[in-house]
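Colleague: I should like to understand one part of this predicted model closely, namely the sheet and what surrounds it. Would you please take me through it step by step?

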Amino acid sequence: MNRVLVLICLFCVLELSAQKAKVVILMAEDCPVSLSQSVELNALENEFADRIDFTYLFPISADYEAVTVFMDRAGLHGTWSIEGAFERAKELKATTMPEALLFSRSGQLTYQGRIDNSFSKIGQRNRGERIRDLQLAMQRTLDDPGTFLVRTQAVGCLLPLQKIEESNK
């Protein structure tokens, strides 16, 4: 019986270690900040794709073709979705596009906020030292799975309180 428990526990440990951390990024294909931040997101995909799954949610889009064009133009390779994205964004308490939510391998939210400090507000770029908030959070989450939640203020296009199609009913 002890051997069976050891094998089960070993399987659990192997299963947990095989899981990747996950980052969910809310985007809007018509938001200039989303397009601008895609350069940094592309770099992060190149740096972390072997250890972190990238998922892009387009919560206010209903146009598959426009999102496909955006993803191609931005050079982003993670999975993306528009189906159920608005509801998922609300569940995650996200408010802005782009906004990143980083989860450890165990599913714990470890970071929520901006990609980096490129913008101080929409349309206004920061001139000071660049801080790669999401990159730092990713490294910290991979290095220390017990990392506590860090939040920064995302800058970009605001997520409406309800879907546009629903507000016209």
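Modeller: A right-handed β-α-β unit is made by E2, helix H3 (residues 64-74) and E3. Within this unit, E2 and E3 pair in the parallel sense over three bridges. One of the residues involved is Thr-55, whose bridge partner in E3 is Thr-79. Strand E2 is mostly covered, with five of its six residues buried.

On to the pairing of E2 with E1. These strands also run in the parallel sense, and six bridges join them. The chain passes from E1 through H2 to E2, and this β-α-β crossover is right-handed. Two residue pairs illustrate the pairing: Val-24 has Thr-55 as its bridge partner in E2, and Leu-26 stands opposite Leu-57 in E2. Thr-55 therefore appears in two pairings, with Val-24 in one and with Thr-79 of E3 in the other. In general, strands of a sheet pair through backbone hydrogen bonds, and the sense may be parallel or antiparallel.Strand E1 is likewise described as mostly covered, since five of its six residues are buried. On its other pairing, E1 and strand E5 (residues 99-103) run in the antiparallel sense over five bridges. Val-23, for instance, has Leu-102 as its bridge partner in E5.

Val-24, in strand E1, deserves a closer look. Its relative accessibility is 6%, and because buried means under 20%, Val-24 counts as buried. Leaving aside residues up to four places away in sequence, Val-24 touches Thr-55, Leu-57, Leu-92, Glu-99, Ala-100, Leu-101 and Phe-103. Phe-103 lies 79 residues from Val-24 along the chain, yet their C-alpha atoms are separated by 8.2 Å.

The whole sheet can now be assembled. Six strands form an open sheet of mixed pairing, in the order E3-E2-E1-E5-E6-E9. Its edge strands are E3 (79-81) and E9 (150-151), each of which pairs on one side only. Helix H2 (residues 32-48) packs on the sheet and touches strand E1 (21-26) and strand E2 (52-57). The direction of H2 makes about 150° with that of E2. At the E9 edge, strand E6 (residues 109-113) and E9 pair in the parallel sense over two bridges. There, Gln-112 stands opposite Arg-151 in E9.

A disulfide is also present. A search of the whole structure finds one, formed by Cys-31 and Cys-157, with their sulfur atoms 2.2 Å apart. This pair links distant parts of the chain: Cys-31 belongs to the loop between E1 and H2, Cys-157 to strand E10 (residues 157-158), and 126 residues separate them. The torsion about the S-S bond is about 90°, so the disulfide is right-handed. Both Cys-31 and Cys-157 are buried.

Finally, a word on confidence. The mean pLDDT of the protein chain is 86, and 85% of its residues reach 70 or more. Residues 1-17 should be read separately: pLDDT stays under 50 over them, and the model has three contacts beyond four places in sequence for this stretch.

Technical notes:
Residues are numbered from 1 along each chain as its sequence is written. This is a predicted model: local features need pLDDT of at least 70, side-chain atom pairs count only at pLDDT 80 or more; totals for chains, interfaces and linings use all residues. Side-chain values use heavy atoms; hydrogens and water are left out. Two strands pair if DSSP finds at least two bridges between them. Helices (H or I, at least four residues) and strands (E, at least two) are DSSP runs, numbered from the N terminus. Contact means heavy atoms within 4.5 Å. Axes are lines fitted to C-alpha atoms, for helices over the stretch in contact, and angles run from 0 to 180 degrees between N-to-C directions. Buried means under 20% relative accessible area, exposed over 50%, partly exposed in between (1.4 Å probe, protein chains only). A disulfide is a pair of cysteine sulfur atoms within 2.5 Å. pLDDT is the predictor's confidence in each residue, from 0 to 100. A crossover is right-handed if, with the strands pointing away from the viewer, the path from the first strand over the helix to the second runs clockwise.
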